[in-house]
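Colleague: I am new to this one, so could you walk me through it step by step? I will ask, and you can reason aloud.

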Amino acid sequence: MMLSNSLYRAQERNELAVYYQPQVRLHTGQITGLEALLRWKHPELGMVPPGVFVPLAEKSGLIHSIGEWVLKTAISQNKKWQDMGLPHLRMAVNLSVSQFNNPRIVDSIDSILKGTGLSPEYLEIEITESIANKEAKHTTDVLNRLKKLGVSLSIDDFGTEYSSLNRLKMLPIDRIKIDMQFIHGIEGGEKDQAITKVIINLAKSLGLEVLAEGVETAPQLAFLSQRMCDDVQGYYYYKPMPAAEIEKLL
């Protein structure tokens with residue numbers, strides 16, 4: 001109850017922030033993209049985990065205004081960096097289920113892109129596997145409309161839910177992100193190794209790029225490199241950072 005009440009005021013009090021975590025091309029070590037990650041610094045409780053406050057935001061309906069703010073912030077920041085002469089990178093922003101089901105979401109993203117002047121090719125929209133699995137015509141229609149804008153599309157946390165392969169091949173997806181629970185299990189279990197290998201092979205067979213999340217150790221990196229994973233994201237290279245730190249890094 002306290003968190004829900006505080007969340008209503010968090011935006012106007014500037015307690016919310018967007019951090020950015022670099023995504024690295026495995027065979028070159030170069031930064032190819034960034035993921036925008038929402039953070040909430042509560043004045044009394046400190047940093048509140050997204051897994052705690054995002055469900056509250058969805059339940060209260062605040063996710064729409066907060067989500068739009070994240071999109072505007074991340075897209076504007078990317079354009080600012082490009083205008084400074086820094087490398088042109090892809091910015092990934094996650095859409096929640098509620099945001100995705102908002103009838104205005106495609107128009108909203110289009111408006112933000114036009115308002116900031118960022119080329120659509122430098123925006124990646126991430127959806128959860130649960131959204132991708134829905135059989136509704138609405139899901140395919142929204143993804144196709146987003147694709148027409150020129151943005152790229154990815155499925156986040158892939159492997160955590162049952163996926164219909166027939167469904168997957170019909171969606172205009174560019175990239176699959178392997179959930180970190182499988183990456184963390186690579187060193188300790190053959191099953192996680194097998195699942196990771198299968199997901200990479202599946203992505204390659206469908207002509208999709210694949211990114212591994214939560215990479216933290218050299219053995220994890222070596223395994224992914226041997227299996228021809230495209231990109232990695234995780235503490236082995238970089239933690240999520242505020243914009244000022246990313247600017248220095250770039």
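Colleague: Let us begin with one residue: is Ile155 buried or exposed?

Modeller: Happy to help, and please keep in mind that this is a predicted model. Ile155 is found in strand E6. The cut-off for a buried residue is under 20% relative accessible area. Ile155 has 1% relative accessibility, so the residue counts as buried.

Colleague: Which residues is Ile155 in contact with, leaving aside its neighbours within four places in sequence?

Modeller: Contact here means heavy atoms within 4.5 Å. Pro242 makes a useful contrast to start with: its C-alpha is 24 Å from that of Ile155, and the two are 87 residues apart in sequence. With the neighbours within four places left aside, the partners of Ile155 are Ile127, Thr128, Glu129, Ala132, Leu168, Ile173, Arg175, Ile176 and Lys177.

Colleague: Now the chain as a whole: how many helices and strands does its secondary structure come to?

Modeller: Let me give you the dimensions before the count. The C-alpha trace spans about 45 × 40 × 40 Å along its principal axes. As for secondary structure, the chain comes to 12 helices and nine strands.

Colleague: And why can the chain be called as compact as a globular protein of its length?

Modeller: For 250 residues, the globule rule gives 18 Å. The chain is close to that value, so it is as compact as a globular protein of that length, with a radius of gyration of 18 Å.

Colleague: What share of the contacts with a separation of 6 or more is between residues 24 or more positions apart?

Modeller: Burial is a good companion to this figure: buried residues make up 48% of the 250 residues in the chain. Turning to the contacts with a separation of 6 or more, the share from residues 24 or more positions apart is 67%.

Colleague: Which helix gives the largest share of the largest nonpolar core?

Modeller: In soluble globular proteins, nonpolar side chains tend to be buried together. Here the largest nonpolar core has 73 residues, and among those with the most contacts inside it are Tyr20, Leu71, Ile109 and Leu224. Its largest share is seven residues, and these come from helix H3 (residues 63–83).

Colleague: Staying in helix H3, which residues does Val70 touch, not counting those up to four places away in sequence?

Modeller: Val70 is buried, with a relative accessible area of 8%. The C-alpha atoms of Val70 and Val18 are separated by 6.8 Å, although the pair is 52 residues apart along the chain. Not counting residues up to four places away, Val70 touches Val18, Leu38 and Val93.

Colleague: Asn78 is in helix H3 too; which residues is Asn78 in contact with, leaving aside its neighbours within four places in sequence?

Modeller: At 2% relative accessibility, Asn78 counts as buried. Its C-alpha lies 8.3 Å from that of Arg90, 12 residues apart along the chain. Beyond the neighbours within four places, the contacts of Asn78 are Leu89, Met91, Leu118 and Tyr122.

Colleague: Let us turn to the largest pocket: how do the residues of its lining divide into nonpolar, polar and charged?

Modeller: About 910 Å³ of space lies in this pocket. Of the 34 residues that line it, the closest to its centre are Glu35, Leu37, Pro50, Asn94 and Asp156. Elements that each supply at least two lining residues include strand E2 (31–42), helix H2 (50–60) and strand E6 (152–158). By type, the lining divides into 15 nonpolar, 11 polar and eight charged.

Colleague: Pro50 came up there, so is that residue buried, exposed or partly exposed?

Modeller: Pro50 is found in helix H2. Leaving aside neighbours within four places in sequence, Pro50 is in contact with Leu38, Arg39 and Pro55. Partly exposed is the class between under 20% and over 50%. With 30% relative accessibility, Pro50 counts as partly exposed.

Colleague: One last puzzle: where is Asn14, which has a positive phi although it is not a glycine?

Modeller: The phi of Asn14 is about 60°. Asn14 counts as exposed, at 67% relative accessibility. Met228 also has a positive phi, near 65°, and sits in the loop between helix H11 (218–226) and strand E9 (231–233). As for Asn14, its place is the loop between helix H1 (2–10) and strand E1 (16–25).

Conventions: Residues are numbered from 1 along each chain as its sequence is written. This is a predicted model: local features need pLDDT of at least 70, side-chain atom pairs count only at pLDDT 80 or more; totals for chains, interfaces and linings use all residues. Side-chain values use heavy atoms; hydrogens and water are left out. A nonpolar core is a set of buried Ala, Val, Leu, Ile, Met, Phe, Trp, Tyr and Cys residues joined through side-chain atoms within 4.5 Å. Buried means under 20% relative accessible area, exposed over 50%, partly exposed in between (1.4 Å probe, protein chains only). On a 1 Å grid over the protein atoms alone, a cavity is a set of points where a 1.4 Å probe fits but cannot get out, and a pocket is an open set with protein on both sides within 12 Å along at least five of seven lines; lining residues have an atom within 4 Å of a point. Grid points are joined across faces, edges and corners, and a volume is the space filled by probe spheres set on the points. Ala, Val, Leu, Ile, Met, Phe, Trp, Tyr, Cys and Pro count as nonpolar, Asp, Glu, Lys and Arg as charged, and the others, Gly among them, as polar. The radius of gyration is taken over C-alpha atoms; the globule rule is 2.2 Å times the number of residues to the power 0.38.
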